[in-house]
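Student: Could you take me closely through the interior of this model, with attention to the enclosed space inside it and to what surrounds that space?

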Amino acid sequence: MKYFILVLSLLAGLYGCAIEPSIEHQYDLTRYSATRYTHTTPSKSLLVAVINTAKAYDSTQMLYVKHPFELAAFAHNSWIAPPADMLKPLLLQSAQYSGYFTAVTANAAAEKTDYRLDTELLALYQDFITKPSTLVLEAKITLADVKHLRILGSKLLKFRFRCPTDTPFGGTLAANNAAHEFTTKTMQFLGFYMRHA
C-alpha cells in the first residue's frame, strides 16, 4: 500500500512538472514617447490611473494566435510583468516629458489632480495568421476633468506592427514599437484637450 501511494506521488509530481514548463526567456516593454509638445509653463496635473485589462491579458503569459478566435501562450517565454504593469510606467514617463503637466502621478491617494487618464488594455498578442506574423495592441483611453466631474473624451487605439522574426523575441521587438506608438498617440490625444482647456 505504501509503495502504491509512493508511485502515485511520483506520478503526480511528474504530471505537475509537465503542465508547468519552466520559463527560459522573459521580455519587457521599454519604449515610450519622449517628445515634448509644448514649452509653455503648465499649471495642470494628471493622474494616470491603474490600467484595466481584459482577463486574458492579466498575466505574464505571452499570447499568440494561429487560428481565428483561439489564443494560446508560448511555453518557455513570458513577459517580465503583466502587460498593464509594463505599459503604465511608459505612460507616466511620456506624460511627464510631454510638457502638458506640472505634475504626473500614479498615486490615486495623492492630492486631487486636474485630470485623470483611464486606460483599458483590450488586446496584446502575436498574430501568426498573417505572414509574416504581426503584433496586435488595442487599448481604449479616456480623459476626465476631475474638478468638473466630466468625461472630456475617449478613443480606441489599434496598432498592428510587423514582427521582424516569427518568434517571441520578434514579437517583443514589434510590441515595443507598438508601445512607443501607443504612448505617442495617447500624448497627442491629451494634447488636444490641453490646448483647448
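Tutor: The helices and strands named here are DSSP runs, numbered from the N terminus, with at least four residues for a helix and at least two for a strand. The model is a predicted one, and in it the count comes to 1 cavity of 30 Å³ or more, with a volume of about 60 Å³ for the largest cavity. Among the elements around the largest cavity, β4, β5, β7 and α3 each supply at least two residues of the lining, and β7 gives the most, with 3 residues. The lining itself is made up of Met62, Leu63, Phe74, Trp79, Leu124, Tyr125, Gln126, Leu135, Gly171 and Thr172, which divide into 7 nonpolar, 3 polar and no charged residues.

Turning from the cavity to the packing, the largest nonpolar core has 47 residues, and those with the most contacts inside it are Leu46 and Phe182. The elements that give two or more residues to this core are β2 (45-48), β4 (61-67), β5 (70-79), α2 (83-98), β7 (115-127), β8 (134-145), β9 (150-162) and α3 (168-195), and the largest share, 9 residues, comes from α3. Leaving out residues up to four places away in sequence, Phe182 touches Leu87, Leu91, Thr119, Leu137, Ala139, Ile141, Leu157 and Phe159.

A loop residue completes the view: Ser33, in the loop between β1 (25-27) and β2, counts as buried because its relative accessible area is 1%, where the cut-off is under 20%. Apart from neighbours within four places in sequence, Ser33 is in contact with Ser94, Tyr97, His180, Thr183 and Thr184, while a polar atom of the Ser33 side chain lies 3.4 Å from the backbone nitrogen of Thr35.

Terms used
Residues are numbered from 1 along each chain as its sequence is written. This is a predicted model: local features need pLDDT of at least 70, side-chain atom pairs count only at pLDDT 80 or more; totals for chains, interfaces and linings use all residues. Side-chain values use heavy atoms; hydrogens and water are left out. Buried means under 20% relative accessible area, exposed over 50%, partly exposed in between (1.4 Å probe, protein chains only). A polar contact is a pair of N or O atoms within 3.5 Å; within protein, one must be able to donate a hydrogen and the other to accept it, and residues adjacent in sequence count only if both atoms are side-chain atoms. Contact means heavy atoms within 4.5 Å. A nonpolar core is a set of buried Ala, Val, Leu, Ile, Met, Phe, Trp, Tyr and Cys residues joined through side-chain atoms within 4.5 Å. On a 1 Å grid over the protein atoms alone, a cavity is a set of points where a 1.4 Å probe fits but cannot get out, and a pocket is an open set with protein on both sides within 12 Å along at least five of seven lines; lining residues have an atom within 4 Å of a point. Grid points are joined across faces, edges and corners, and a volume is the space filled by probe spheres set on the points. Ala, Val, Leu, Ile, Met, Phe, Trp, Tyr, Cys and Pro count as nonpolar, Asp, Glu, Lys and Arg as charged, and the others, Gly among them, as polar.
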